[in-house]
Amino acid sequence: MRLLIKSLRDIKQSTGQFIAFVLIIAVGAFFYAGLTTLSEHLGAYTKVYFQEHNLSDLNVYYSQISDQDVDGLSELKGINKIEGRYTLDATQDFKDSQASLRIHTIPPNPEINTPTMIEGKFPSGANEILIDSHYAKEHQLQVGDPIHVSTGEKKWTFTVSGLGENVEYAKKNSTQDHKNYGVAYIAEKAIPVIADGFYYNELLIDAQEGYDLGQLGQSIEEKSKGLPYLNQISKERTFSYTQLQQTIHNNKMMSKVIPLVFFIIEAMILFLTMSRIIDSQRTQVGIMKALGVKNRNILLHYMGYPVLAGILGSLLGVVLASVVLIPLIAASNARAYSLPGITFTLSWFSVIPPILFSSAFGILSCYLSGRVILHERASQLMRPKPPKKMTRPLLIERIPGLWNRISYSYKLIFRNIFLNKPKALASSVGVVASTVLLITAFGTQTALQKVAAQVEEVNTYDLRVDYTRGAAPDPSWLPAGIKNSYDLSTFPVEFIKGDDRENATLVVTEKENRLIRFFDENDTPITLEDHGVVVPKSYAEHYRIAEGDVIRMKFTAPELADKTVDMKVLHISNQYSYPSFYVTPTYLKSLGIDFRPTSLLVEANNATDLLSVRNFFEQEQQVDTIADKNDLKKSAQYIMSQNSFIFIMFIICAAVLSFGAIYTISSINIYERNRELATLKVLGYPQRKINRLIFLENILLTTFAAIVALPVGGYMYTIVVKALSSTHQQIPDQLHPVAMLTAVMVAFVLTLLANLLLRRKVSRIHMMESLKSVE
C-alpha cells in the first residue's frame, strides 16, 4: 500500500512527465487502432459484398446477340449463370452543364450484379429508370422525377422508379466524379424502344467455383464464331475491382508499417526514460531496501509505472482513434467508393496489443535497470554518486585561446555534457528517434505531392478520346484544329517471372508520341524505341529487372489465344500512378501481334480549336469517353485529398511523440541536477541564467541529434517507402531536402516549447531541500 502511495506521489510530483509518457504511448495506439480497423473492415466488407451481390466473373461484349444465342452459350462448361443486357452511353442536359449516363438494362429478377436498393423499386415498365443514388443526390433527383436523356438525335424520357448502388460500380472512375458521370438501369422492356429491336450487346457471366476463367473465355470466343463478337474482360481486369483490391492491399501494408514505426520509436523512448527514472531515484531505492522492502517488490513498484502509463495511453489512443480517425476514414472511404452500408466500428480488442507492447518494454527496461541498482547495498545507494573527475581536459580546452574566451555558463554546459556522456547520449537518442519520425512523416507527405504532380507532368495531351469497343476509326476522319494526335492501345497481359505471375497492362503507342512523357529514376527524359519495352520501376524493383534483361509476357485477351512473348528491357521509368509497360506498334508487330488503336491522344492548336475539337468528338458515335486536362488536375487533386489526411495525422502524431520524448528526457535531466541547480541559486545566479544554462544544453543536444538523424531518417524513409510500395503503386524514394529541413526545424521548435514549459519546474526547485537531500 505504501509503495502504491509512493507511485501516486511520484506521478503527482512529475505530472507533466507522466502525461508526456502517456501521450507517447497513445500515438502508437491511435494509429494501430485506426489503420487496423480500416484494413480489416474494408477487406471483410468487400468480400461479403461481392459474394452477396454476385459480381460477374466475366463481361463479354457483342455488337448484338439474340436470346437464342445466349441460351446456346449458357450450355458451355464452366458457366454457372449467364445474363444478357443492353448497354448504351447517353447524356443528360442541365442548365449549365451536361452529364454522361451509362445505362444498362436489367432483367425482372437479376441474379448477377444485383443492385442494392436505397429507395424506391426496380424498374418494371419501359419508361422507368433506376438511378445511382450518388448521381441523384448531386442533381437533386428523387423517386418519381422525370429525366430526359439523349444519344445523338435520339431522346427519351424516363421516370425515376428508385435509387440504388451496384456492385460493379463500387468505383466509377479515377476521381469518383458523381456530378458528371452516373449509372442507370432500365427494364428489358425498354430495349426495343432504344435499340430498334430486341437484342443484347453484353453478357454477364457467373463462372462455376474454381473454373479457369482464361479457359472459359477461350471457349466463349470459340463458340462466338459467326457472331458479332467484340471482346471480353474478366472481373480482375475491371476498373472498379482492381482499384478496390489495390486499396485493400495498400491499407494492409499501411496498417502494419506505420504502427510498427511508432511502436519501435516508443520502445526506444520508454526504455531510455524508465532507465533514467530508476537511476535518478537510487537514493529512494536505498531507503526502501533499508526499510526491508524486498527487491522483487521494489522492481514491481517501478514496473507499475510503465504498465499504468501503457494502459492509460492505449485507452486514450483508442478513444481518440474512434472519435477522430475512424470518422475521417469513413468520410474518405465514402468519397472514394460507393459501398452501401459499410461501417467502420472500432473493436476494443485493438487496445490490447498497444498495452502489451508498451508494458513489455517498460517492464524490460525496469528489470534491466533495477537489477543493477538492486545489487548494491542500501548504504551505497543512499549516498550520492561521487562526481566524475576529469582525467584529461576537454578537446575544446586544448585549442589555444578558445577556452578562455568562452563564458562560464558555456563552460558549465560543455563540462556537464562530456562528464555525463551516457546521459547526454541517452537524451540524444530519444531526440534522434523523434526527428527520424518527423523526417519520415514530412518525406512521405512530400512524396505524395510528387505523385500527384506527376499526373500532369507525364500526360501533356489536351484530350484523350477512348473509342467504343470494336471501333477502329480512319485517321482521315479527324477534324481541323489538331496540332498533334497519336494512337494508343491497351492490352491486358500477365507478367511472368519464374513461378511468379501477375496481372499487368501493356500500352502501345508511337515512339514519336510526345504527349506522354517518360522519366528515369534521375528524372531524365527517356523515349520509346522500336526494339524493346519500357518497364515501370515498381515492377523492376520488385522482380529485380535491369536494362538489357529479357522479360516474358502472356497476352490474356481471348482473341490473342494466350500468346506468350519475350521482350527486351530498354528503359526503366518512374511511374507513380497506374504503372504500365510501354512498347511501339513496330515492336509489337515484330512479335506477331497486330496493333488496333483503342484511344487517341490529341493536342489542339489553341484554346479555341480545342473547344471545337471536343465538340466534334462528343458528336461521334464511335467515341466512348473523353478526358481533358481538367480531368488530369482533378485526378491529381483527388490523390492528394484521399491520402493527405492520413499523413497529416502522421505528422501531428510524430510531433506529439517528438515533444513527449524531449519533454520527458529534459524533465528527468532537471530532476537529476536539482542539487547542482540549487547551488547555482544559492551562489546568486538569477533565474533567467539558470534557465538559459539548461535550455542551451537542450538546444546543443537537439543540434547533435538532428545531425545524426538526417542520415538515419533517410534510411528509415527508404524502408517505409519500400514497405508501402507495390508493383501497382510506386512512391518516390528520393527524400526531398525541404522535407528534411522542415523536420529539423520542427524538432527545434518542439525543443523550445518543451523548454518554455519546463521553466516552471526549474523555478520550483527548493534550495534548502535540494542541498540537504543527501543528509
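Colleague: Buried means under 20% relative accessible area, exposed over 50%, and partly exposed in between, with a 1.4 Å probe and protein chains only. With that settled, is Arg-692 buried or exposed?

Modeller: Exposed, at a relative accessible area of 51%. Bear in mind that this is a predicted model: local features need pLDDT of at least 70, side-chain atom pairs count only at pLDDT 80 or more, and totals for chains, interfaces and linings use all residues. Residues are numbered from 1 along each chain as its sequence is written, and side-chain values use heavy atoms, with hydrogens and water left out.

Colleague: Where does Arg-692 lie?

Modeller: In helix α19, residues 687-724. Helices (H or I, at least four residues) and strands (E, at least two) are DSSP runs, numbered from the N terminus.

Colleague: How far is Arg-692 from Glu-603?

Modeller: Their C-alpha atoms are 64 Å apart in space. In sequence, 89 residues separate them.

Colleague: New topic. Which way do the side chains of β12 point?

Modeller: They alternate along residues 463-467. Leu-463, Val-465 and Tyr-467 point to one face and are buried. Arg-464 and Asp-466 point to the other face and are not buried.

Colleague: Why the alternation?

Modeller: Because side chains in a regular strand alternate between the two faces of the sheet.

Colleague: Which strands pair with β12?

Modeller: β21 (599-604) pairs with β12 in the antiparallel sense over four bridges. β22 (623-628) does so over five bridges, also antiparallel. Two strands pair if DSSP finds at least two bridges between them.

Colleague: What stands opposite the two side chains that aren't buried, Arg-464 and Asp-466?

Modeller: Arg-464 faces Ala-627 in β22. Asp-466 faces Ser-599 in β21.

Colleague: What about the sheet with β1 in it? What is its strand order?

Modeller: β2-β10-β1-β11, an open sheet of four strands with antiparallel pairing. β2 (79-85) and β11 (229-234) are the edge strands, each pairing on one side only. Neighbouring strands are turned by 20° against each other on average, direction ignored. For such angles, axes are lines fitted to C-alpha atoms (for helices, over the stretch in contact), and angles run from 0 to 180 degrees between N-to-C directions.

Colleague: How many bridges join β1 to β10?

Modeller: Five, with β1 covering residues 58-65. Leu-58 of that strand stands opposite Ile-205 in β10.

Colleague: Next, loops. What is odd about phi at Gln-140?

Modeller: Phi is positive there, near 55°, in a residue other than glycine. Most residues other than glycine have a negative phi. Gln-140 sits in the loop between α4 (133-138) and β7 (146-151). It is exposed, at 69%.

Colleague: And what is phi at Asp-196?

Modeller: About 55°, positive, and Asp-196 is not a glycine either. Asp-196 lies in the loop between α5 (191-195) and β10 (200-207). Asp-196 is exposed too, at 61%.

Colleague: Last one. What does UniProt list for "domain: ABC3 transporter permease C-terminal"?

Modeller: Residues 257-371 and 648-765, in an unreviewed entry. UniProt positions are given in the numbering used here, feature names are shortened, and annotations may be inferred rather than shown by experiment. In the model, residues 257-371 are 83% helix and 0% strand. The end C-alpha atoms of that stretch are 34 Å apart.
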